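Colleague: Could you take me on a close look at one part of this model, starting from a single residue and working outwards? I would love one connected account that I can follow with the structure open.

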Amino acid sequence: MSVVTKVVLDAMGGDHSPGEMVFGAVNAVKEKEDLFVYIVGPQKVLEEELGKYEYAKEKIEIVDAPDVITCHDAPVNAIRTMKNSSMVIGLKMVKEGKADGFVSPGNSGAILVGGQVLVGRMKGIERAPLAPLVPNKNGVSLLIDCGANVDARASHLVQFAQMGSIYMEHVIGVKNPRVAIVNIGAEEEKGNALVKETFPLLKECKDINFIGSIEARDFPYGAADVVVTEAFVGNVMLKLSEGLASMLMASIKEAMTSTPVSTIGAAMVKPQLKKTLKTFDATEYGGAPLLGLNGLVVKIHGSATNKEVKNALFQVETFKKQEINNKIKEYLLSETAE
């Protein structure tokens, strides 16, 4: 008998909430027999949304949460005072062991604060990084950190590299993943103070496959499987990648429909083009997990649609089945023993 993965979905706080959140949850439970979803938000609103669909009623449960943390709320104050919000209630369910993971499109700062304060970091983890999978020419790279720790130290980046390696190997299936640090050149002596301090520590780390520095221009080509940086640089790289991909897709579509001849040509190459562009769609890989916590917290885009929601729910299931938290804990124990 398969083990059921229980996921809490924050149905509020996104640009398309709650409609796309609910639709994504319904699609997810239809595709996965061993998935159960708690949808958190205002009871009546969610009942109305769920009433639009046919699904196995025993696989989705509404958890009433009358309040919503918006993008305008101050993160720390919101987590502290809005106890009846969908985000706080959902995170507490993970902390109390009622669910295996939490998925939300809501206020990024509040998710980061709530994840570390309510769910809590694992013993031995100094900082919890956000780690999205970013499409590249050869597949995907894990960008760690992309928004949680702007003022990280060298020891934090080393842990990011170690956790990222575990994630890529056991969730994505990349054996001996290549780890690189973001830099302004390939030479070891280049970089700011943080990079210069971190580089030799990563070089000495025997449990990761450190290949040196990576420049931003090499990132889209998949030059490394785990790309390590602090949150400021990581967030800039992520947003630039997303914006550039969106612009290129829009430009290609415009060019291929600009004349009758190009429209005919577009029809001929559409199947292959669609297949190629799909590989660069970040929503295919779910959201950005906040690694190093006692439970899984996944941040999806505020503009997330049902596909990203569904894949983020699947992401939690994979995370549980591969026992990523246990593997990180085992690693920390082995480090302590040494």
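Modeller: Happy to! Let's start at Thr 229, which counts as buried because its relative accessible area is 4%, under the 20% cut-off. Bear in mind throughout that this is a predicted model. Thr 229 sits in the loop that leads from β9 (226–228) to α8. Setting aside neighbours within four places in sequence, Thr 229 is in contact with Leu 143, Ile 144, Asp 145, Leu 157, Phe 160, Val 182 and Gly 234.

Follow the chain forward and you come to the start of α8, where a side-chain oxygen of Glu 230 reaches to within 2.9 Å of the backbone nitrogen of Phe 232. Helix α8 covers residues 231–256, and its 26 residues should span 38 Å at 1.5 Å a residue; the end C-alpha atoms are 37 Å apart, which agrees. The buried residues of α8 are Ala 231, Gly 234, Met 237 and Leu 238. These buried residues pack against three strands, β5 (133–136), β6 (139–144) and β7 (178–182).

Now to the sheet itself. Five strands form an open sheet in the order β5-β6-β9-β7-β8, and the pairing is mixed. Each of β5 and β8 (209–214) has a single partner strand and stands at an edge, so one side of each is left without a neighbour in the sheet. On average, neighbouring strands of this sheet are turned by 30° against each other, direction ignored.

Both senses of pairing can be followed here. β7 and β9 run parallel and are joined by three bridges, with Val 179 finding its bridge partner in Val 226 of β9. β5 and β6, in turn, pair in the antiparallel sense over four bridges, and a hairpin of two residues joins β5 to β6. Within that pairing, Val 134 has Ser 141 of β6 as its bridge partner.

Stay with β5 a moment longer, as both of its faces are covered: Leu 133 and Pro 135 are buried on one side, and Val 134 and Asn 136 are buried on the other.

For the wider setting, the largest nonpolar core has 63 residues, and Val 37, Ile 39, Ile 60, Val 103 and Leu 313 have the most contacts inside it. Helix α6 (residues 154–172) gives the largest share of this core, ten residues. A second, separate core holds 41 residues, including Tyr 38, Ala 128, Cys 146 and Ala 148.

Key. Residues are numbered from 1 along each chain as its sequence is written. This is a predicted model: local features need pLDDT of at least 70, side-chain atom pairs count only at pLDDT 80 or more; totals for chains, interfaces and linings use all residues. Side-chain values use heavy atoms; hydrogens and water are left out. The expected span of a helix is 1.5 Å times one less than its number of residues. Buried means under 20% relative accessible area, exposed over 50%, partly exposed in between (1.4 Å probe, protein chains only). Contact means heavy atoms within 4.5 Å. A polar contact is a pair of N or O atoms within 3.5 Å; within protein, one must be able to donate a hydrogen and the other to accept it, and residues adjacent in sequence count only if both atoms are side-chain atoms. A nonpolar core is a set of buried Ala, Val, Leu, Ile, Met, Phe, Trp, Tyr and Cys residues joined through side-chain atoms within 4.5 Å. Two strands pair if DSSP finds at least two bridges between them. Axes are lines fitted to C-alpha atoms, for helices over the stretch in contact, and angles run from 0 to 180 degrees between N-to-C directions.
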